[in-house]
Amino acid sequence: MSFYTKLKEINTLSFDELFENVTNRDVEKVLKKDRLSEQDFMTLLSPAAENYLEEMAQKSHEITTQHFGKTMQLFLPLYLSDYCVNTCKYCSFSVDNDFPRRRLSMEEIEQEAKIIADMGIKHIILLSGESRMHSSNAYLKESLKVLKKYFSSIGLEIQPLDTEEYQELVDHGIDGLTVYQEVYNEEIYAGIHTKGPKRDFKYRLDTPERGAFAGMRSVNIAALLGLDDWRKESFITGLHAAYLQDNYLETEVGVSFPRIRPNAGDFQPKVDVTDKNLVQALLASRLFLPRSGITISTRETPEFRDQLIPLGVTKMSAASSTVVGGYTEPDATQSQFEISDERSVKEVKELLLAKGYQPVMKDWHILS
Ligand code: SF4
């Protein structure tokens, strides 16, 4: 079984027509329900639902508080390497972009870890460009020996791996997997991923499932908003998350809403996704997926992130660097993309407390 089978079915739908045919009355009916069907989810992503964002926000806030309390988990990304073998038109690390590449040594990883841990952060995500040679399992296992001294939860956002490879990393202390499909439209996917193993759409699509099967405690998925119609992409992301939840009951499934940011290749998004669009996607997803974690990163501005806090978000990054070695030396090399919110962890924590939210630095501890 694979989500690919479901995706083939979804692709037979006439999205434009379905979204346009939704009426205000349809939206009002959905807002009275406790559990939403796939059809209801689509209704909340429609243009008609734009008139009901206030009602959706109230409901989303209630549901999120019921399931998560007024808490916000804080985490940071740690970039290990910017070597990549793929060409992705929207990313600075693309193999075609010429800049001095870097991979951290164990000493450099420890230095970065100390700086992050000193900020009070206990959850990190290890990131790298996609290169089996530079971010091999052997290298990651060495890194974990260092990092487990500092962090209680360590997630992974690197090249997709086979199930056994994930199992090996779970055994050594990795507990979460983040993998973005980028775009669920296979044709657009082929047009922007022009070189490298990432061209294999189905292998990437099945990656979250391999991670869940391998025993990852959490799996986080997303579409990169701006590559295709955001309503359709958000709908498919929600269905993909529901598929994973239904098949892997012990895995915490989360979704993110990354929008394309400026990058070294000057790629321009096909679709302009406004703040209002992003809010609608987030609210509809929360109402369809009441148990899912929802992450908002520092791609978004401080003002916008502040507004999103009560709407259903459960995880935020803070004081992030998207540069390899960037906590030790901020301008060491090329960033993967520009960030918009440069506030410190302390400032974000103070803001959360002022809004009545408890910042959570640690809710899990690696046992191995
Ligand atoms: S998005 Fe990932 S795979 Fe694509 S170029 Fe960037 S780092 Fe490499």
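This report describes the overall build of a predicted model and then the surroundings of one residue, asparagine 137.

## Overall fold and dimensions

The chain of this predicted model contains 15 helices and 11 strands, and its C-alpha trace spans about 60 × 45 × 40 Å along the principal axes. For 368 residues a compact globule would be expected to have a radius of gyration near 21 Å, and because the chain has 20 Å, the value agrees with that expectation.

Within the chain, 77% of the contacts with a separation of 6 or more are made by residues that stand 24 or more positions apart.

## Burial, surface and charge

Of the 368 residues in the chain, 60% are buried, while the accessible surface comes to about 15,500 Å², with 49% of that area belonging to carbon and sulfur atoms. The chain carries 43 positive and 56 negative charges, and the mean positions of these two groups are 3 Å apart.

## The setting of asparagine 137

Asparagine 137 lies in helix 7, which covers residues 137–147. Its relative accessible area is 12%, and because buried means under 20%, asparagine 137 counts as buried.

Leaving aside residues up to four places away in sequence, asparagine 137 touches Leu161, Glu165, Glu168 and Leu169. With glutamate 168, the side chain of asparagine 137 forms a side-chain to side-chain polar contact of 2.9 Å, whereas at glutamate 165 the partner is the backbone oxygen, which lies 3.1 Å from a polar atom of the asparagine 137 side chain.

Technical notes:
Residues numbered from 1 in each chain as written. Predicted model: local features only at pLDDT ≥ 70, side-chain atom pairs only at ≥ 80, totals over all residues. Heavy atoms only, no water. Helix = DSSP H or I, 4+ residues; strand = E, 2+ residues; numbered from the N terminus. Rg over C-alpha atoms; globule rule 2.2 N^0.38 Å. Buried < 20%, exposed > 50% of the residue type's maximum accessible area, 1.4 Å probe, protein only. Contact = heavy atoms within 4.5 Å. Areas by Shrake-Rupley, 256 points an atom, 1.4 Å probe, with all protein chains shown as cover. Lys, Arg positive; Asp, Glu negative; His and termini not counted. Charge placed at Lys NZ, Arg CZ, Asp CG, Glu CD. Polar contact = N/O pair within 3.5 Å; in protein donor to acceptor, adjacent residues only side chain to side chain.
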